[in-house]
Amino acid sequence: MLCKLSLKNIKKSMKDYAIYFFTLIVGVAIFYVFNAIETQTVMMNVTSSTRDIIRMMTTILNVVSVFVAFVLGFLIIYASRFLMTRRNQEFALYLLMGMGKRKISMILFIETLLVGCISLVIGLMVGTGISQVMSVFVAQMFEADMESFQFVFSVDACKKTAFYFGIMYVFVMVFNTVMIGKCKLIDLLQASRKSETVKMKNPWVCIGVFVVAVAILSCAYYKVTTTVLQLSRVELIVVIVMGAVSTFLLFWSVSGLVLKLVMSFQNMYYKGLNSFTLRQISSKVNTTVFSMTITCLMLFMTICILSSCLSLKDSLNASLNDLAPVDMELTKQMNLGEEYLAFYNEKQVAESALTVRELFENEGVDLTSYLTEYIEVYMYQSQDLTLEDSLGGYLGVAKEKYQFMVFNTPEDLISLSDYNKLARMYGSEEFTLENDEYVMVADFDNIVKIRNAALFDQISLDVYGHELRSKYQECKEGFIHLAASHVNIGVMVVPDYVLEGQIPIEYAIIGNYDAKNKADKLVIEKEIIEKIETQGSEWLPINVYTRIDMTQAAVGMGAMLSFIGLYLGIVFLISSAAIFALKELTESADNIERFRMLRKLGADEKMINSALFKQIGIFFAFPLVLACIHSIFGIQFCNFMLSTFGGEHLLASIVVTAGIIVAIYGGYFVITYLCSKAMIKSSVTRG
């Protein structure tokens, strides 16, 4: 009997609350897809380093999945709360017929169990299909060979999905049981006619709270955009709390001001069904404020996460063309003194005067035979020339503004001829210098700003006893070492004569492999690295930078950020949209009597639909608008923290993020409006 009743209720609920079931299915599918990536990529033919990157990516995704499970669990419990209110009349009827609360709880238990199983099965089927498409996407990203690829169902991902969603539904069952135990017959019978009392808040209190909220929010905006370098971890947490609290206060104050403000404009208030619409919004003011705050913060996180991750991915891939224009760079320390005997043996210290090419020659290997073109450059440092000296009068401001920096580090020096050799190979700008000039080359934006402020004063520097002044009043963009991001904090290019007779502290050989394709380059690269590894502690540590390794690392980092961004972003977006959609559907069902009354008072269908559209639109628009304002400053903070990777692709990522939000959030809004309209129309017609 209870099973039959539960099945009928599920059939009815599927028709009235398709959004709830759709959200559950999508949640299961997304959870499965991102947890099945490792299984899907096992069949791909990739290099060992790429395989390591994929393993690291899946490990991080597993950690993220725990957080995602909590978010989805909150969504399911939150949705169940609203769905319970939709069935108040039904529960009242059960009680009037003599059914005990225990049996009602059992009906809900069976319904929840069946709904969970149906959602899980369909979600896994959908997720399995999407995961095959995801495999193709991953293969293209990592340039993997998919000849041995075949259809794969991830048992581990299935078990993990079933486990997490099983735990969620256990909590839902407990929640439903508690809710049934607390309900009273009189409350259930009057629920459809009773709304929250519209308490007219004191407008002066609302204005005061609004001003305080704006002040707190402005302070938070200022700290994360202007004084971000001075923020400690605790202060950053405080700023986040300030943002969340001020968001709640803004919605609380606006909810009290809007009705009072619009009521003062009688022509607007009494136009059409505006008075009814505003009263409907105010009738759920407490729940509205809380849900709007949660939704706004989730939308804010969605926008920041998606924009930053997608931008960083594109910037990483694009930076490689500029920052790794050649195949290989080998560097080592040179001319170590006896003080280094505590770290290296006598042979290593003695051989520190040799270049990498000479070390290879001593072992009977001609390193240059692997290369079609190469250059050798030397770096210098003077203990009497530090960053403090370069900043001059700007040092005090820099220390106060950038407290994390170390300012007593020696400046890196390179001769003009060596730098121009690099510039020709890299395709960068070459320089000419007078005997008393130097050029500061850097590409790390935040440090460039500091240096430019100092260079503007045209201070002179003592370099090995020679007075030099900057040729330009700003840094010139450039770099020395191959890198995957902009990390050059500054290298001083000086005339050759300044460094004559000085002892270099670092050597680098940079060039292109004598190979026509990637496979041949991999062979050469492997031989060089194996030779270095074979020597082990016999040689000083040699740093190996290759375009192939950097490309794989950039692709792996980009893939990891893209997947994490999409995973979290879509889950947050669906959760926030589903919360509002379910809330509005439930309220539309509860307000059927009110819409019937409007029809009896002479309101036609067009006016009713317009009132419904405005009501749902306001609920959906408010948190999105404030989330967009938050995101303007949040993205600036994220962009600053990730500035070493570049932010030139930020606009494109914002456009993509906006498209995703319009598609999902806007889609939920349209579906909610259409479902609510159909529900009210059919009920009003029957009435």
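1. Negative patch. Asp384, Asp389, Asp462 and Glu467 form a negative patch on the surface. The model is a predicted one. Among the four patch residues is Asp384, and Asp384 sits in strand S2, which covers residues 371-386. Aspartate 384 has 66% relative accessibility, so it counts as exposed; the cut-off for that class is over 50%.

2. Aromatic pairs across the model. Searching the whole structure gives 13 aromatic pairs. One of them is tyrosine 221 with phenylalanine 633. Their rings are stacked. The centres are 3.9 Å apart, and the planes meet at 10°. For a stacked label the planes must be under 30 degrees apart.

3. What the stacked pair connects. Tyrosine 221 belongs to helix H9 (residues 203-225). Phenylalanine 633 belongs to helix H24 (residues 605-641). The two parts are 412 residues apart in sequence, so the pair ties them together.

4. Cover on the stacked pair. The two partners fall into separate classes. Tyrosine 221 is buried, because its relative accessible area is 14% and the buried class is under 20%. Phenylalanine 633 has 24%, so it is partly exposed.

5. An edge-to-face pair. Phenylalanine 613 and tyrosine 673 also form an aromatic pair. This one is edge-to-face, with 90° between the planes and 5.2 Å from centre to centre. Phenylalanine 613 is in helix H24 and tyrosine 673 in helix H25 (residues 650-686). The pair therefore links distant parts of the chain, 60 residues apart.

6. Cover on the edge-to-face pair. Phenylalanine 613 is partly exposed, at 41% relative accessible area. Tyrosine 673 is buried, at 13%.

7. Aromatic cluster. Which residues form one aromatic cluster? They are Phe613, Phe620, Tyr665, Phe669 and Tyr673. Both partners of the edge-to-face pair, phenylalanine 613 and tyrosine 673, are among these cluster members.

8. Nonpolar patch. Ile118, Val121, Ile122, Met125, Val126 and Ile130 make a nonpolar surface patch. Its area is about 490 Å². Val121, one of the patch residues, is placed in helix H6, residues 101-141. Valine 121 is partly exposed, because its relative accessible area is 47%. Patch residues need over 30%, and the 47% of valine 121 meets that cut-off.

9. Points to check by eye. For the surface, view the negative patch that includes Asp384 and the nonpolar patch that includes Val121. For the aromatic contacts, view the stacked rings of tyrosine 221 and phenylalanine 633, then the cluster that includes Phe613 and Tyr673.

Conventions. Residues numbered from 1 in each chain as written. Predicted model: local features only at pLDDT ≥ 70, side-chain atom pairs only at ≥ 80, totals over all residues. Heavy atoms only, no water. Patch = residues over 30% accessible without salt bridge, like charges linked within 9 Å, V, L, I, M, F, W, Y side chains within 5 Å. Areas by Shrake-Rupley, 256 points an atom, 1.4 Å probe, with all protein chains shown as cover. Salt bridge = Lys/Arg side-chain N within 4 Å of Asp/Glu carboxyl O. Lys, Arg positive; Asp, Glu negative; His and termini not counted. Charge placed at Lys NZ, Arg CZ, Asp CG, Glu CD. Helix = DSSP H or I, 4+ residues; strand = E, 2+ residues; numbered from the N terminus. Buried < 20%, exposed > 50% of the residue type's maximum accessible area, 1.4 Å probe, protein only. Phe/Tyr/Trp six-rings, centres within 6.5 Å; stacked < 30°, edge-to-face > 60°.
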